[in-house]
Amino acid sequence: MSPNPIIGLLGGGQLGRMLCQSAAPLNVEIAILDAENAPAMQINQSNHNIHGSYKDAEKIRELASHCSILSVETEHVDTTVLEEIATSTKVAVCPSWKTLRLIQDKYEQKAYLAKQGVPVVDHVAIEGSGDAMHASFKAVSTKFGYPWMLKARKDSYDGRGNLKISSEADLGRAVAEFGGLSCYAEKFVPFQCELSILVIRTEDDEGRSKRLLPYPAVETVHEDNICSRVYMPPRTTPAPVCERAQQVASDVVDKLWGRGIFAVETFVTQDNEILVNEIAPRPHNSGHLFIEAVPYMRNADVVCFRSQFKAQLTSILDEALPSKLEPYVSSSIMINILGGANPDSHLPLVEKAKSMYGDKMAVYVHLYGKESKPSRKIGHVTVTGLVASIAELEEFAKPLVDMASDMRRERLQARSKALRPEQAAVKPTKAPLVLVTMGSDSDLPVLKAGIDILNQFGVPWEVDITSAHRTPAKMAGVATNAAARGIKVIIAAAGGAAHLPGMVSAYTTLPVIGVPVKATHLDGIDSLLSIVSMPRGVPTATVGINNSTNAALLAIRHLGAFIPAFHDKMKAYQLQNEKQVEDKASRLRDIDVEAYLAQMKNP
């Protein structure tokens, strides 16, 4: 290995940022492929950094041309180009593209592990779509009973792409939301807790495991499908069960390919059995506390690890590993800082953490350089106790946990308030001319931009939630009666299967403008195609994905055809847009390109 290796990293989020922090003291250069202002880019100034998408095959090849090793921050990458690089160049891909490809499909991951004798939850593939999918769901319900879990096979994380099926009433929603997806079903397993175990893997020249070294098991707590806290040691899980989880995790990683660090997430059943849930082939949120919990050796072995990121570097560089990892502190708690209802909601929690000191207890704050958005991971706080029990440390950390819980309640309340139409914008007092409706309150942030346009033009509007799948009778009534109430245009937004705009159009003689909403999967393409593909006889106008601004402008043009005041306002709006472009062209002619770009960055 070169004394000054360059490691290429696909993705520059918080994991990449912390990897760079660990690499700098070792004089290991990290070259990143990601957006210009990604968290890792903010602190890493490699001349080999590349701005762009880590899913762009050509940019991946360009990054690999500067590196001796290529690694990943996320498993959602192009494994075809990674296979090409690994098999046709001298660049090592860590972990192997084979591992990444397997893990990308969660059903194939489970099926492979089951064949290898790894204990996993009972699962079955879902076949077909529409009526065939509904029949598959009925068969699964007979096989597993209620409840059971429906999961997307690809591109799901932090609980996204998961749906709990509690009764037959949920099957229609399941078809609507998963109808265009490849998915699978899992038996619902009541469990005591979830344990996560990091495992370091190195391998020989034949691709066989050379060393497997597990970290101590930690307990993870999830709220709203996102990890909120991590405890070491687990609060109620007996030590022998934790040791069993370490062994199971090591067995799992032994059956994968490539060097690196892997996180194995497991369930502890009511009978203290260990079931593997899923694998992350990279550093993991559950391992952040080891930055300060400091696994080290109690014997003469001199190799120490201060974090999972140091371990990742050591493994992919194929350097020496100790014989065992043990925590230096008696206990540790990690609290994720998740974006609150407002951009500054997290600041009191951060300031409180900075002010806390205890007898042989310490508090460490990590912020990721990310814009705060509701539920987004923007940092974490680690609390350690040198000799404190986990119960004592939990009492010490209670103010931080309570503040994080308060932020969560504020997020949920803000989302609940969004259900109320008057919360979206100042509602006009005149009789509405435009009806703005949506399939779910989660679509309201997308529609807010269009509502602002209606307000700007002085168009009276009203807003409603009318799900095509969950409230079909209400939807039909709202659409049928809209014209009689004086409504002239309907704007309807929906994601996923996106049946609402077309169904509303089927029940009304009014013009309907569909707004496809970007949902969890397929980036809104599924919604766009669903709305734009209405059959002859049921015309439904369609704008771009999430583009409620154009929907509102199109609605105003409809109104302007018979209300002169709106026609005049639209003409003035277009003239203003024309003037803005002419002003920019004039300014560009007057100054050079560099000066113009500088003004764009610092208006």
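**Cavities and nonpolar cores**

Fifteen is the count to start with: 15 residues line the largest cavity, and Glu-223, Ser-228, Asn-336, Leu-338 and Ala-404 sit nearest its centre. Two or more lining residues come from each of β13 (226–232), β18 (331–338) and α13 (390–417), with α13 giving the most, 6 residues. Sorted by class, the lining holds 7 nonpolar, 3 polar and 5 charged residues. This is a predicted model, with pLDDT of at least 70 needed for local features and 80 or more for side-chain atom pairs, while totals for chains, interfaces and linings use all residues. Numbering runs from 1 along each chain as its sequence is written, and side-chain values use heavy atoms, leaving out hydrogens and water.

The space in that largest cavity comes to about 130 Å³, and the structure holds 3 cavities of 30 Å³ or more. A cavity here is a set of points on a 1 Å grid over the protein atoms alone where a 1.4 Å probe fits but cannot get out, and lining residues have an atom within 4 Å of a point.

Turning to the cores, the largest nonpolar one has 29 residues, with Val-434, Leu-454, Val-459, Ile-491, Val-515 and Ile-556 making the most contacts inside it. Such a core joins buried (under 20% relative accessible area, 1.4 Å probe, protein chains only) Ala, Val, Leu, Ile, Met, Phe, Trp, Tyr and Cys residues through side-chain atoms within 4.5 Å. Elements giving two or more residues to the largest nonpolar core include β21 (434–438), β23 (489–495) and α19 (564–590), but the largest share, 7 residues, is from α14. Another core lies apart from it, with 25 residues, among them Val-241, Ala-245, Val-248 and Leu-256.

Technical notes
On a 1 Å grid over the protein atoms alone, a cavity is a set of points where a 1.4 Å probe fits but cannot get out, and a pocket is an open set with protein on both sides within 12 Å along at least five of seven lines; lining residues have an atom within 4 Å of a point. Grid points are joined across faces, edges and corners, and a volume is the space filled by probe spheres set on the points. Helices (H or I, at least four residues) and strands (E, at least two) are DSSP runs, numbered from the N terminus. Ala, Val, Leu, Ile, Met, Phe, Trp, Tyr, Cys and Pro count as nonpolar, Asp, Glu, Lys and Arg as charged, and the others, Gly among them, as polar. Buried means under 20% relative accessible area, exposed over 50%, partly exposed in between (1.4 Å probe, protein chains only).
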